[in-house]
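Hello,

Here is the structure I said I would pass on. My notes follow below it.

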Amino acid sequence: MTGDSIIRVARADDAEALARIYAYYVEHTAITFEYEAPDAAEMNARREKILKHYPYLVAEQAGRAVGYAYAHRHMERAAYQWNAELSIYLSRALAGKGWGRRAYGLLLELLALQGMKAAYGC
């Protein structure tokens with residue numbers, strides 16, 4: 001991470017950048033399990049839904065969103081309400097610079113404050 005990098009809560013005006021970052025993973029990897037990349041409106045809707053219950057963070061570098069990480073429900077049954085799954089997507093320029101480790105740490109701290117008992121990175 002450089003001096004002009006911050007991690008903050010995701011905002012609606014990040015939707016275009018989030019969609020662009022995620023599109024790379026949809027188009028070039030199999031990890032998303034999606035065939036078509038969602039547009040900015042869909043990414044914003046997903047962000048809004050997640051933020052109702054879980055943290056959603058953005059890595060910003062020089063005023064630009066370059067990565068994001070969030071927690072989401074792990075499983076649907078009530079007994080899993082204290083579990084969360086973690087997801088992280090980085091622009092390729094940010095990979096290998098420690099942001100993933102830092103984001104996981106921040107997400108785990110926030111989830112602990114929310115009373116979560118287990119978190120999974122799949």
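The largest pocket of this predicted model holds about 770 Å³ of space. Its lining is made up of 27 residues, and those nearest the centre of the pocket are Ile50, Tyr70, His72, Arg73 and Ser87. By residue class, the lining divides into 15 nonpolar, six polar and six charged residues. Helix 2 (40-51), strand 3 (64-73) and strand 4 each supply at least two of the lining residues. Strand 4 gives the most, with five.

Strand 4 also has a place in the fold next to strand 5. The two strands, residues 83-90 and residues 118-121, run parallel and are joined by four bridges. Within this pairing, Leu86 of strand 4 stands opposite Gly121 in strand 5. Helix 3 (residues 99-113) belongs to the same arrangement: strand 4, helix 3 and strand 5 make a β-α-β unit, and the unit is right-handed.

The other item is the aromatic contacts. The count comes to seven aromatic pairs. One of them is formed by Tyr25 and Tyr89, with 5.0 Å from centre to centre and 75° between the planes, an edge-to-face pair. Tyr25 lies in helix 1 (residues 15-28) and Tyr89 in strand 4, so this pair ties together parts that are 64 residues apart in sequence. Both partners are buried: Tyr25 has a relative accessible area of 15%, and Tyr89 has one of 9%. These values count as buried because the cut-off is under 20%.

Tyr89 takes part in a second pair, with Tyr68; here the rings are tilted, at 5.4 Å centre to centre and 35° between the planes. This pair again links distant parts of the chain, with Tyr68 in strand 3 and Tyr89 in strand 4, 21 residues apart. Tyr68 is buried as well, at 1% relative accessibility.

Taken together, ring pairs link Tyr22, Tyr24, Tyr25, Tyr56, Tyr68, Tyr70 and Tyr89 into a cluster. One member of that cluster, Tyr70, is also among the residues nearest the centre of the largest pocket. Strand 4 therefore comes up in each part of these notes: in the pocket lining, in the β-α-β unit and, through Tyr89, in the aromatic pairs.

Regards

Definitions and conventions. Residues numbered from 1 in each chain as written. Predicted model: local features only at pLDDT ≥ 70, side-chain atom pairs only at ≥ 80, totals over all residues. Heavy atoms only, no water. Pairing = 2+ DSSP bridges. Right-handed = clockwise from strand over helix to strand, strands pointing away. 1 Å grid on protein atoms, 1.4 Å probe; cavity = no way out; pocket = protein on both sides within 12 Å on 5 of 7 lines; lining within 4 Å. Points joined across faces, edges and corners; volume = space filled by probe spheres on them. Nonpolar A, V, L, I, M, F, W, Y, C, P; charged D, E, K, R; others polar. Phe/Tyr/Trp six-rings, centres within 6.5 Å; stacked < 30°, edge-to-face > 60°. Buried < 20%, exposed > 50% of the residue type's maximum accessible area, 1.4 Å probe, protein only.
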